[in-house]
Structures are given as C-alpha cells and as structure tokens.
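Welcome! Please take a look at the sequence and the structure below, and then let us walk through them together.

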Amino acid sequence: MENCIFCKILAGEIPSSKVYEDDEILIFKDINPIARVHLLCIPKEHYATVAQLDPARSAVLGRAFEKIGRLAPTLGLADGYRLVMNQGESAGQTVHHLHIHILGGEPLPWGK
Ligand code: 5GP
Ligand code: ZN
C-alpha cells in the first residue's frame, strides 16, 4: 500500500529492528517506545482496523496472538505485558496498517 510506513518496513524500504518474522506477520521494535519493551506486531497484509477483518485475516490474527504468547517470555515480558490495538482517529491510530502494540518490561499504569 502506497505511503504506508509499515508496508515500507515490510518491503525493506525503511529499516526496522526485527524481533520475529514469518510469512504472515512481523514483530519489530517501536521507534518511539512508551514502555521499556515496546514492540509492534503487524500482519503482512495491509488493512487498517478490525472492521476489515474477514475469516482469513482473523485466522492470521489468531496465529499472531498465539505467537506473541509463545514468544513473550523470550522478549523480556515474562512478568506480564499489555496488548493494545488503536482503532481509528479518536483512539490515536496514526499508522493505518493494523498493528498490535506489545508493551511491558516494567509495571504499567492503567488508564484510558
Ligand atoms: P498507533 O498510534 O497508530 O497505534 O501506533 C503507531 C506506532 O508506530 C507508534 O507507536 C509509532 O511510534 C510507531 N512508528 C511510527 N513510525 C515508525 C517507524 O518508522 N518505525 C517503527 N519501528 N515504528 C514506527
Ligand atoms: Zn501497510
């Protein structure tokens, strides 16, 4: 997708610190971390929000969550972590390629 930062990262046009990659998803470090560990997990297919899910995309997303759960202890997240998905403008979504924020590595305050 043109002008999508995450598609450019997937294409290798923008460098990133990759943590995990397979044929369906990529996990990489957020460039502007808001927690000691701040990773982003993205599907390789470009779409913006869960409103665009279909059965095939849902299956990929399900496997993404499964992978996050398995990898977490190896990523400095053994004590717990938070998964966040901003959906749309009011939620503060700035990159319109679906992504899961993976936050942890320290106690996280809870708030809206
Ligand atoms: P959103 O606000 O859309 O939920 O989250 C987008 C995230 O992407 C932000 O946390 C931001 O720091 C991150 N981000 C934006 N541009 C880049 C980039 O070029 N590289 C990486 N690694 N992260 C980025
Ligand atoms: Zn994209």
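A good place to begin is with strand 1 (residues 18-21), which runs antiparallel to strand 2 and is joined to it by three bridges. One pair to look for is Glu21, whose bridge partner in strand 2 is Leu26. The link between strand 1 and strand 2 is a hairpin of three residues. Please keep in mind that this is a predicted model.

**The wider layout**

With that corner in view, let us step back. The chain holds two helices and five strands. If you follow the sequence from start to end, these elements come in the order α-β-β-β-α-β-β.

How many residues does the chain have, and what is its radius of gyration? There are 112 residues, and the radius of gyration is 14 Å; a compact globule with that number of residues would have a value near 13 Å, so the two agree. Along the principal axes, the C-alpha atoms take up a box of roughly 35 × 30 × 30 Å.

Of the 112 residues, 35% count as buried. The surface that the chain exposes comes to about 6900 Å², with carbon and sulfur atoms supplying 54% of it. As for charge, there are 11 positive and 13 negative side chains, and the centres of these two sets are 5 Å apart. Contacts also reach along the sequence: among those between residues at least 6 apart, 53% join residues at least 24 apart.

**Strand 3 and its neighbours**

Now let us turn to strand 3 (residues 37-43). Seven of its seven residues are buried, so the rest of the structure largely encloses this strand. In a regular strand, side chains alternate between the two faces of the sheet. Which residues cover each side of strand 3? On one side are Val37, Leu39, Cys41 and Pro43, on the other His38, Leu40 and Ile42, and all of them are buried.

Strand 3 pairs with strand 2 and also with strand 5, as the table shows.

| Strand pair | Direction | Bridges |
|---|---|---|
| Strand 2 (residues 25-29) and strand 3 | antiparallel | five bridges |
| Strand 3 and strand 5 (residues 100-104) | antiparallel | five bridges |

Cys41 is a handy residue to find here. Cys41 is the bridge partner of Ile27 in strand 2, and Cys41 is also paired with Ile100 in strand 5. Elsewhere in strand 3, Pro43 is the bridge partner of Ile25. Strand 2 is itself mostly covered, with four of its five residues buried.

**Two residues outside the strands**

Where does Thr49 sit? Thr49 is in the loop between strand 3 and helix 2 (55-71). Is Thr49 buried or exposed? The cut-off for buried is under 20% relative accessible area, and Thr49 counts as buried because its relative accessibility is 13%. Leaving aside residues up to four places away in sequence, Thr49 touches Gln87, Gly88, Gln93 and Leu98.

Asn3 lies in the segment before helix 1 (5-10). With a relative accessibility of 66%, Asn3 counts as exposed. Its backbone deserves a look too: Asn3 has a positive phi of about 65°, although it is not a glycine. Most residues other than glycine have a negative phi.

Methods: Residues numbered from 1 in each chain as written. Chains lettered and ligands numbered in written order. Predicted model: local features only at pLDDT ≥ 70, side-chain atom pairs only at ≥ 80, totals over all residues. Heavy atoms only, no water. Rg over C-alpha atoms; globule rule 2.2 N^0.38 Å. Buried < 20%, exposed > 50% of the residue type's maximum accessible area, 1.4 Å probe, protein only. Contact = heavy atoms within 4.5 Å. Areas by Shrake-Rupley, 256 points an atom, 1.4 Å probe, with all protein chains shown as cover. Lys, Arg positive; Asp, Glu negative; His and termini not counted. Charge placed at Lys NZ, Arg CZ, Asp CG, Glu CD. Pairing = 2+ DSSP bridges.
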